[in-house]
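I open these notes to record what I looked up, in the order I looked it up. The starting point is one charged pair, and the rest follows from there.

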Amino acid sequence: MPTWLIVLIVVVAVAVLGAVIWLVTQEMQRKRLQQRFGPEYDRTVAEKDSPRAAQRELAERERRHKELDIRPLSASARERYAREWAQVQEKFVDQPSDAVADAEQLLNSLMAERGYPTEDYEQQVADLSVRHAKTLEHYRAAHTTQQKRDGASTEDLRDAMVRYRTVFEDLLTDGADDERHHDRDHDHDHGRHDRRNGHGHDHDRADRRETERQASASPRTESNGGR
């Protein structure tokens, strides 16, 4: 077989292998993004010119999200927000339109405390989609109703409140389990560190030293009494 033919076969084989690897990589990327973004993936594909453009958009959202300082709420903050939400719900009975506006404002405060920028609605939605895609449609629908709340029916306002609550609870509890797990691990490691260094038994050692001191002092006391 001529050398040039061997070289041609090798080049073609490498090209085919490269194409296969690229296709497999793209498929894996598509499945990963579909799994992470759920309905938001289909929505983005419908808005873009092609699935590849949608995938680039979603990958860019992930990249931006990594740069944000997203953090879980403390237990006290969660309790505070839960109380404030209860007050908003009570307000809905007499002032449904104002309560819906308050619900969005409270939700924005919660997002900001979690580390999400809240100045631009579209960017806010894009940032939320990375970790909260499952409740994002609720947020969009509630926001639309809130924008036209003065002309919305009471039933529409009630639906918006229910949707806001879904998003609110998602943001309120996200990361809380990780935080508690981290605290338990920290306490366990701290206790293990104390035991390794003997700090976990400081009181026991002090009690033993006091007992030994009293024991060594007793014979001298008896001896002095004998003299």
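I began with Lys91, which counts as partly exposed because its relative accessibility is 27%. The model is a predicted one, so I take every value here as computed from a prediction.

Entry on the Lys91 pair. I looked for the partner of Lys91 and found Asp102, the two side chains meeting in a salt bridge with 2.6 Å from N to O. The pair links distant parts of the chain, with Lys91 in helix H4 (residues 75–92) and Asp102 in helix H5 (residues 96–114), eleven residues apart. Asp102 has 23% relative accessibility and therefore counts as partly exposed; the class runs from 20% to 50%.

Entry on the salt-bridge network. Which residues are joined into one network by salt bridges that share partners? I noted Glu40, Arg43, Glu47, Glu57, Arg61, Glu137 and Arg140. The structure holds 17 salt bridges, and I followed two that involve Arg43.

Arg43 forms a salt bridge with Glu47, and their closest N and O atoms are 3.5 Å apart. Both residues lie in helix H2 (residues 39–47), four residues apart, about one turn of the helix. I recalled the general rule: an α-helix has 3.6 residues a turn, so residues three or four places apart point the same way. Glu47 counts as exposed because its relative accessibility is 53%, and the cut-off for that class is over 50%. Arg43, at 31%, counts as partly exposed.

Arg43 also forms a salt bridge with Glu137, the closest N and O atoms being 3.2 Å apart. Glu137 lies in helix H7 (residues 136–147) and Arg43 in helix H2, so this pair ties together parts that are 94 residues apart in sequence. Glu137 has 37% relative accessibility and so counts as partly exposed.

Entry on Thr44. I stayed in helix H2, where Thr44 lies. Is Thr44 buried or exposed? Thr44 is buried, because its relative accessible area is 1% and the limit for buried is under 20%. Leaving out residues up to four places away in sequence, I listed its contacts as Ala54, Glu57, Leu58 and Arg61. Glu57 and Arg61 also appear in the network above.

Entry on helix H6. I asked which residues of helix H6 (residues 121–132) are buried. They are Gln124, Val125, Ala126, Asp127, Leu128, Ser129, Val130 and His132. At the start of H6, I found a side-chain oxygen of Asp120 that reaches to within 3.4 Å of the backbone nitrogen of Glu122.

Entry on the surface near the N terminus of the sequence. I noted a nonpolar surface patch formed by Met1, Ile6, Ile9, Val10 and Val14, with about 490 Å² of accessible area together. Ile6 is found in helix H1 (residues 3–37) and counts as partly exposed because its relative accessibility is 40%.

Entry on the whole chain. I counted ten helices and zero strands. Of the 227 residues, 30% count as buried. The protein exposes about 15000 Å², and carbon and sulfur atoms supply 52% of that area. Among contacts between residues at least 6 apart in sequence, I found that 66% join residues at least 24 apart.

Technical notes: Residues numbered from 1 in each chain as written. Predicted model: local features only at pLDDT ≥ 70, side-chain atom pairs only at ≥ 80, totals over all residues. Heavy atoms only, no water. Patch = residues over 30% accessible without salt bridge, like charges linked within 9 Å, V, L, I, M, F, W, Y side chains within 5 Å. Areas by Shrake-Rupley, 256 points an atom, 1.4 Å probe, with all protein chains shown as cover. Salt bridge = Lys/Arg side-chain N within 4 Å of Asp/Glu carboxyl O. Helix = DSSP H or I, 4+ residues; strand = E, 2+ residues; numbered from the N terminus. Buried < 20%, exposed > 50% of the residue type's maximum accessible area, 1.4 Å probe, protein only. Polar contact = N/O pair within 3.5 Å; in protein donor to acceptor, adjacent residues only side chain to side chain. Contact = heavy atoms within 4.5 Å.
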